[in-house]
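Biologist: Please take a close look at one buried part of this model and explain each term as it arises. I am new to the structure and would like the surroundings described as well.

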Amino acid sequence: MEKKNKNSKKPTYSKFSQQELPAWKPILSPGWVIATFLTIGAVFIPIGLLALAASDSVVEIIDRYDDGCVPDDFSKNAQSFIQNPNTKKTCIRTLKVPKKMVAPIFVYYELENFYQNHRRYVKSRSDKQLRDPDDEDETKSCYPEANTADDKPIVPCGLIAWSLFNDTYKLSTKNKAITIDKKGIAWKSDIKAKFGSDVYPKNFQKGKLIGGAKLDEKKPLSEQEDLIVWMRTAALPRFRKLYGKINTDIEAHETIKVEVENNYNTYKFSGRKKLVLSTTTWIGGKNDFVGVVYVSLGAICIFMAVNFILLYVFRPRRLGDPSYLSWNRNPIG
Amino acid sequence: MARGGIREKLRRSSLYTLANIRTKPSYRKEEAASEELSGYPRVIFVNQQTVSDDTPPPIFCTNYVSTTKYTLFNFLPIALFEQFNRVANFYFLVAAGLTFTDYAPFDWPSQVVPLALVVGFSLAKELYEDLQRHWQDMTANCQKATVHVGNGVFESKQWRDVCVGDIVKVKKDEFFPADLLLLQSSYEDGMSYVETMNLDGETNLKVKRALQNMSLPVVADDDKAVHFSDFRPTIRCENPNSNLYTFTGNLEYNGHIHPLDPAQLLLRDSKLRNTEYIYGVVVFTGNDTKVMQNTTQSPSKRSKIELQMDKIIYLLFGLLIFISIVSASGFGYVVRNLVPLWWYLMPEVPGEDFDINNFFVSGLRHLVTALMLYGYLVPISLYVSIEAVKILQARFINNDLHLYDEVTGVPANARTSNLNEQLGQVDTILSDKTGTLTCNQMDFLKCSIAGCPYGKRPSEVELAAAKQLKALDTHDEEASIGSLSDTTSLEAITITDDGNANKSQAIKGFSFQDDRLQNAKWLKEPNADVILLFFRILAVCHTAIPEISEKTGELTYEAESPDEGAFLVAAREFGFHFIKRTQNSVVVRERLSMDQEPVEKEYNILTLLDFTSKRKRMSVIIRDESGQILMFCKGADTIIFDRLADTGKQYLEATTKNLNDYGEAGLRTLALAYKKLEENEYSDWYEKFHKAQIASGSNREELLEELSDVMERGLTLVGATAVEDKLQKGVPECIDRLALAGLKIWVLTGDKMETAINIGFSCSLLRQGMTQICIVVSAEMLAEAAKHVIKENILSQITTAIQTIEDKKETRAAFALIIDGKTLTYALEDDMKFQFLNLAVNCASVICCRVSPKQKALVVRLVKEGTGRTTLGIGDGANDVGMIKEADIGIGISGVEGMQAVMASDFSIAQFRFLERLLIVHGHWCYKRISKMICYFFYKNITLALTLFYFEAETGFSGQMHYDDWYMLLYNVFLTSCPVLALGVLEKDICAEFCLQFPALYQQGPKNLFFDWYRIIGWLANGVYASFVIYIVNLRIFSPESFRKEGQTADMYVIGTAMFTSIIWVVNVQIFLVSHYLTQVQLHTIWGSIVVWYLIVYIYGMTPVDWSAGNIYHQLPEVLGPAYKFYLSTIFVTILCNMPYLIHISYQRCYNPEDHHVLQEMKNMKKDVTDTKMWKREQVKATQDTEIGLSARVDAKMRLMKGRTTRKYSSLAYSSS
């Protein structure tokens, strides 16, 4: 070995500096291509079928009630009905159960055309205030629903809380009430960390009722699970939120009577309101999309694999065949 | 000015031997006097630290030199300004500023942090580079100089403290601290030798002379020079300028005015040689010095890919503005028509975001927000990533052992990393000759004495041709049938060469090998007396100075031209040591046989007739010890042959034949002749000659010329020499490979046309059978005819040439264009240059000779602008600086010569031959890496930014994001940056050997196959597709029903995180598919990025709720982790997004493979080992059709031989029948 001269500018040898690192150089040969597509197809189609089966096993009942729950004489002007404190807001809906629903059955409300994702709406909250009673003055971010007219902080402040959904449902079958469990519908971490157990609503919805629900000032925020669920803003203007759980099975072909208290004003912006009862499986609620796309992508892959096999059979190209080099295909010069 | 210029001047003014023959023309003084009246602007009071009060000392700049770009105070403002001059950076600056307002859709860190990182990185790089320059300056400024401080006392001072007017003493082998006016040297007559390598790249010594008529006492070599204590002349001279070869002024001392000229000026950064010490007055200091005036900031060059990238950025800005306008108008529409109904937003309360009563203003304000929100379209980190990648690529170039020159110990150096990928796109190489293609070192190789050829070693051209033929034969039987007989002789040459290859570097300048002449065996040759004469001529007829090395006692020679040096070395090796030169004699120690002691012989030089490019010959008239007057003459063969006496033509025929052979072998030849003179014959002539010498008047030169001509007639031919202008190692091969890779090579040289043509032959740019088109205007015409006549003449030459080429197009004829500098002056004028270019482009090789540095640059510009192709200028000397700066890529040869070219270059390599690897391997790789990288960068940013846009449409265009700010922040700077950096640094499509073996692959670069709009648009479309799939599929999978068994529904941030996870997977799998060369680094960065993403979400979610802003608090473990749909969506989206690309590349590889695909497969199947025959055949085919280089030469030779053998065979057949 020659001794390394300190002043020598000779670059030192290393596999890295000489760009000779060992490397994996995969070549997408026809075999690999066909195998890849076949594998994807073989994996995706069963997954898709499983997902379809799961989706199929979900029992889901959807009932849109915003139209039906407005008395005929108000149908031209549903808003005046909803904003009139003296009108009777309850209405009765009946739902048919097509298949047996095994507990837990989840009760959702679904709103359409409601922009919980609007920037002004999303921004209008104060997380600090929700967590800590000492931070109740932290209402700056809650614009435009920060303080009352006499400048007292609203707890919880902001548009989100202010517009809390306030329709209620009472379910019964054969005059036997079905209890809806309102506990455990929010994320545990939200209850534990984001909504203080010693923060109580204050100055909330004190004025004329324009917005949503009132809150029980006796209960700390961490127990107001409806609010907690509502405060998790939805991504799209059509969204479902968990209302409660039913922990008893409902037999097939039963009729469920729903007593809806129709308080929430979706009429102004022509939004829709729906009540949804649904069971879940491992993929969640009823959703054929997952299964369909998986099966179709799998099918496309099989199709591509077949195509490549056919091409390979009828127009094979030997790997490393020099006749495909550009100078052999169209000779230079 | 041209190199030739200074030689000319030196020769005229002050060669030691000629000093007494030539006096300075008298008109110089008159001229100087008249100039004095007009007054020189610069007045220097020499040796006066304090000047009387009424004339305040003129203020000159100090000798402190600073080449830094910034100072401590202006660094930040200037560097920042430069950073934000980039449109993308400026945009991000504005955006970052706006994040502090309510317009911003996100918090300030997500804009400010990446910007700070990006700009901070660039600033750090600038700062580092500038500091390096600063340290360099400091070492220069702190060197010690010996300066007169009064009363003859000299003290050591730092260079930066040297002032104008100081008297400085410089010792042997020291550098001059400033531009000095030479006052006195250790030689009596004020002579000194200077090496100007750092200035103009010339290694030969220049002579400088002190003022002759100014008497200063000579002092011994101690540090006291008392006579300077009251030496107070005044110097008036021109203002500082950049012209290295001019200087005018005068020196007033004791009432006398002495005119000054460049011969007295010693330039800073040149070195004192062969002279014990000198005293000089500082004339120009610091930035006023000629060398500093000559340093110009090299223009910052940008590669074509970067320019195209800018266009893409503008395209993306266009897209950004477009979707922002869509977004803003959407917002305006929503505010006007829908928002009033959305009571839950309290629309009646106007806010900073909107005001339902003024939807137009709301829309405008939203435009600002949108412009920021979609800013992710423009990859903020692109510039900085590319910069980082290029620095690393440059390091690879610097560290490449194949580019390291063992002999000089110089590695390659990428001085700017901006142009790495441009190396892969070069179309035309414009090369300097001396020092670049050749070593500027002459090797005495062969000679012909008395018509008999001596010297057995083959020239490089012969060797290379032999090798090539041999190589070809081994795998091309077909061809070898015909050429067997002819190649054997060449093979024999190859073999003999191998035997003594180890000896070849033994003696510099001497590669002669022939036992008949060496070791005094020549005495036994039949024409020993002629041979003796031949050696004497070599030893006597020259203007060189011998130099005895102190260490070894060996003789070396300082010759004006390397040819002469080679002759003297040859003479020495033959036993004729030229040991001493005095004013009028030359002493040669001759060893006439092995056993005899050498005898010293003194030859009196009576007259010396100079070599000029016009005369093309030089002669000395000497009187030897026996009193015989002889004239020795050497010169170009045509000139000498014309002047032979009828009796002197004995060897003419044989010598001519030998000379032709030498010419074909690419050697430079000179003929040697002599003449005996009678005493009275000489004295008659000398009388006239001397009269002419001392005469003044305009016809003096002519007269001398005429008289010389009379004398140099009636010569007797002795023989001819053949020296090899030694090509740099590997030059012919390199040129061949480059030509095969489809590169065009032009040679621009300051040399004479003959020399240039010779070199053209020896490096295979020219060959026999090539039609040489010489565009020349005769000297008479240049002198007499009007400009438009000359131009017409040139134009007609050009048109005829073009016509000839057109006519012979079918016949595969090759053309070479040779043009000289004077003609080029006209050809480069606007009205003619395109015709010239048209002609030049149609010729296989182009040689421009006698071109000035400026013309070199102009030619480069013409090619660059006229053809729009990428040009590469390569050179080694100061005269190439213009060319190097002008070319798209400038390459400096950092060999033995000066640093000027290297300082101006973008890359420096030690040898021309490294150019091959630099271009074909590094250039190719860098081009592919950078183009892949840029495409991918745009892809990944479009993928991200468009999902934001789609989401906007769902939020009433309100500017809400569904991603956490931190995701956005980390995306460009962290989550996706490492794999793409690894790709840019390490990706290889083909290994280095294959790149070199298949030169055709290089053409992918000049043709820009990997960064054309087709490909770019394809990538942009891929990004649009991916963003769409990611968005739609995730939303449909997660919404609106419950996404997990526990019944909860997904909120905005859950969907955001899921979607972002998909993006991370999609772009990382995409880069996996893009890469071909997956080292551990790539694999780790790709998988690492994905893993790190999950870790970030997890860890970020586990931080206290204040930090995570609550949005993703405990999201991964509690919300997304247990949901199967989360994984289903990721897998599905990843596969679906990459499906089109996968299908595309699968199909392409299977049925429309590109060259590198096939080669990859061949490599994979080890076909290069198993099927060598096919492998070799493909290598040969993988070349561009070329008319230059060895291969073309061999081709031509083969055609010739085939023709010959068929003729032979047919004649055989004929005779046998």
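Modeller: A residue is called buried when its relative accessible area is under 20%, exposed when it is over 50%, and partly exposed in between (1.4 Å probe, protein chains only). The model is predicted, so local features need pLDDT of at least 70 and side-chain atom pairs count only at pLDDT 80 or more, while totals for chains, interfaces and linings use all residues; side-chain values use heavy atoms, without hydrogens and water. Residues are numbered from 1 along each chain as its sequence is written, with chains lettered from A and ligands numbered from 1 in the order in which they are written.

The part chosen is strand 32 of chain B, which covers residues 889-893. Strands (E, at least two residues) and helices (H or I, at least four) are DSSP runs numbered from the N terminus. Five of the five residues of strand 32 of chain B are buried, so this strand is largely enclosed by the rest of the structure. Its two faces carry different residues: I889(B), I891(B) and I893(B) point one way, whereas G890(B) and G892(B) point the other way, and all are buried.

Strand 32 of chain B has a parallel partner in strand 31 (residues 870-875) of chain B, joined to it over four bridges; two strands pair if DSSP finds at least two bridges between them. Within this pairing, G875(B) stands opposite G892(B).

Which residues does Q422(B) contact, leaving aside its neighbours within four places in sequence? They are S303(B), K304(B), T870(B), D888(B) and I889(B), where contact means heavy atoms within 4.5 Å. I889(B) is thus both a contact of Q422(B) and a buried residue of strand 32 of chain B. Q422(B) itself is found in the loop between strand 14 (413-414) and strand 15 (426-432) of chain B. Although placed in a loop, Q422(B) is buried, because its relative accessible area is 1%.

The chain around these elements can now be described. Chain B contains 40 helices and 34 strands, and 59% of its 1217 residues count as buried. Among its contacts between residues at least 6 apart in sequence, 75% join residues at least 24 apart. Chain B exposes about 48,500 Å², of which carbon and sulfur atoms supply 56%; such areas come from the Shrake-Rupley method with a 1.4 Å probe, and for residues only the protein chains shown count as cover.

Another buried residue of chain B has contacts in both chains. L986(B) lies in helix 30 (residues 977-986) of chain B and is buried, because its relative accessible area is 5%. Leaving aside its neighbours within four places in sequence, L986(B) is in contact with F16(A) and L21(A), as well as F396(B), R929(B), Y1077(B), T1079(B), V1081(B) and Q1082(B). From L986(B) to M631(B) there are 355 residues in sequence and 67 Å in space, C-alpha to C-alpha.

Chain A offers a counterpart to the parallel pairing described above. Its strands form an open sheet of four in the order 3-8-5-6, with antiparallel pairing. The edge strands, strand 3 (90-96) and strand 6 (176-178) of chain A, each pair on one side only. Strand 3 of chain A is joined by seven bridges to strand 8 (residues 255-261) of chain A, and these two run antiparallel. In strand 8 of chain A, I256(A) is the bridge partner of L95(A).
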